[in-house]
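Open the structure in your viewer and keep the selection tool at hand. We will go from stop to stop, and at each one you will be told what to pick.

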Amino acid sequence: MKCIRCKQKAKILLKRHNAAFCDNCFLYYYRNQVSKNIKRHRMFDKKDRILVVISGGKDSMALWDVLIKEGYDVVAMYINLGIGEYSNRSQEVVEKFASVHNLPLIVKDIKKEYGLDIYKLSKTLKRSPCSICGSIKRYLFNKVAYDGGFSAVATGHNLDDEAATLLGNVLSWEEGYLARQAPVLPQTHPKLIKKVKPLYTLTERENLYYVLLNKIEFLHEECPHSVGARSILYKEVLNRLEEKSPGTKQRFINSFLEKGRKHFQDVAEKLELRECKTCGQVTTTEECSFCRFVRICNQQEKQQDV
Ligand code: FES
Ligand code: ZN
């Protein structure tokens, strides 16, 4: 197997592109994909300040590294969600990378800063920890970016994530989610910062290869709450399809973006946006879910003190 670029011995085969690369040419391919995605979707440019959200896993660590190497002005943000040892270990990985490379990092701790506890909330609201965690993360991504004057929030979502999310949304025809699934979510309100996914065409395997080649430390374990999550099942199903028919995931995403997504646009436009009565952030209800969470946790705290 020879590298399609330099004809030396290839190290990695990417079946969906019918291409094999040596390590150096793989890095060239990888960086090229990222910068093409950024430019093609006008995600941001060198004048913009970007907030990159880092979990400590391979995808976000790869994104952080590649954006710096491509010369973008990035500040990383890590959110400690209070998920036991998992959160502590991931915070360590992220802090170490920032300090070794002398990079700016914002750390948010939901327990220390806001008194939030996703387990208590999950019990009280009878919602899964993941859905509470998702709301909290989305809120903080936007709030920190808005308060800090950032142009965009970048996340490490990869092709496998995007295809699994799309499959889940299609299976139950979640019109609202389908309307909002895209590599770029533009600014639809002055207080809503643009969200971008520069790695949406790269697979988990490619991100893993990138961090290994660059000797970037990352947290190998997944969040304990992802075990048994439906998205994992969707990923398994898609992996079987991909195995038999390489390129399935990419085709699924690309054809949705080209042909499917436009049919859901009016659903997105109908959403009425307003500002939360407590914090002023954008929401669709009178009070945003984050402020409601803080209120619930504070009340519980007070009851315990009595
Ligand atoms: Fe949020 Fe797992 S990362 S619950
Ligand atoms: Zn609020």
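**Stop 1: the zinc ion**

Select the zinc ion (ligand 2): its four donor atoms subtend angles of 106 to 118 degrees, which makes the arrangement tetrahedral. For four tetrahedral donors, the ideal angle is 109.5 degrees. Keep in mind that this is a predicted model.

Which protein atoms are the donors of the zinc ion (ligand 2)? Pick the SG atoms of Cys276, Cys279, Cys288 and Cys291. They lie 2.2 to 2.4 Å from the zinc ion. Now look at the sequence. The spacing of the donor residues reads C-x2-C-x8-C-x2-C. Turn on a surface and find two of the donor residues again: Cys288 and Cys291 are both buried.

**Stop 2: the whole chain**

Zoom out and switch to a cartoon. The protein chain has 13 helices and 10 strands. Its radius of gyration is 20 Å, and the globule rule gives 19 Å for 306 residues, so the chain is as compact as a globular protein of that length. Rotate the model slowly. Along its principal axes, the C-alpha trace spans about 70 × 45 × 40 Å.

How much of the protein chain is made up of buried residues? The share is 48% of the 306 residues. Contacts tell another part of the story. Take those in the protein chain with a separation of 6 or more: 69% of them are between residues 24 or more positions apart.

**Stop 3: the six-stranded sheet**

Colour the strands next. Six of them form an open sheet, and their order is 5-4-3-6-8-7. The pairing in this sheet is mixed. Find its edges: strand 5 and strand 7 (184–185) each pair on one side only. As background, strands of a sheet pair through backbone hydrogen bonds, either parallel or antiparallel.

Select strand 3 (residues 49–53) together with strand 4. These two run parallel and are joined by five bridges. Zoom in on Val53, whose bridge partner in strand 4 is Met77. Then move to Val52, which stands opposite Ala76 in strand 4. Add helix 2 (residues 58–69) to the selection. Strand 3, helix 2 and strand 4 make a right-handed β-α-β unit.

Stay with strand 4 for a moment. Is strand 4 mostly covered or mostly open? It is mostly covered, as seven of its eight residues are buried.

Now follow the chain onward. Strand 4 (residues 73–80) also pairs with strand 5 (residues 105–109), in the parallel sense and over five bridges. Between these strands the chain passes through helix 3 (residues 84–101), and this β-α-β crossover is right-handed. For one bridge in close-up, select Ile79: its partner in strand 5 is Lys108.

**Stop 4: one residue in helix 1**

Jump to Gln33. Its place is in helix 1 (residues 23–40). Is Gln33 buried or exposed? With a relative accessible area of 13%, Gln33 is buried, because buried means under 20%. Show what surrounds it. Leaving aside neighbours within four places in sequence, Gln33 is in contact with Thr201 and Leu202.

**Stop 5: a histidine in a loop**

Select His263 next. You will find it in the loop between helix 11 (248–260) and helix 12 (265–270). His263 has a relative accessible area of 56%, and it is exposed because that value is over 50%. Now draw a distance from its C-alpha atom to that of Ala179. The two atoms are separated by 8.0 Å, although the residues are 84 apart along the chain.

**Stop 6: two lysines with positive phi**

Finish with the backbone angles. Pick Lys7, in the segment before strand 1 (12–14). Its phi is near 70 degrees, a positive value in a residue other than glycine. Lys7 counts as exposed, at 54% relative accessibility.

Then pick Lys126. Where is Lys126 placed? Look in the loop between helix 5 (118–125) and helix 6 (129–147). Here phi is near 50 degrees, again a positive value in a residue other than glycine. At 74% relative accessibility, Lys126 counts as exposed too.

Terms used: Residues numbered from 1 in each chain as written. Chains lettered and ligands numbered in written order. Predicted model: local features only at pLDDT ≥ 70, side-chain atom pairs only at ≥ 80, totals over all residues. Heavy atoms only, no water. Donors = N, O, S within 2.8 Å, 3.2 Å for Na, K, Ca; no water. Tetrahedral: all angles 85-135°; square planar, octahedral: opposite > 155°, others 65-115°. Buried < 20%, exposed > 50% of the residue type's maximum accessible area, 1.4 Å probe, protein only. Pairing = 2+ DSSP bridges. Helix = DSSP H or I, 4+ residues; strand = E, 2+ residues; numbered from the N terminus. Right-handed = clockwise from strand over helix to strand, strands pointing away. Rg over C-alpha atoms; globule rule 2.2 N^0.38 Å. Contact = heavy atoms within 4.5 Å.
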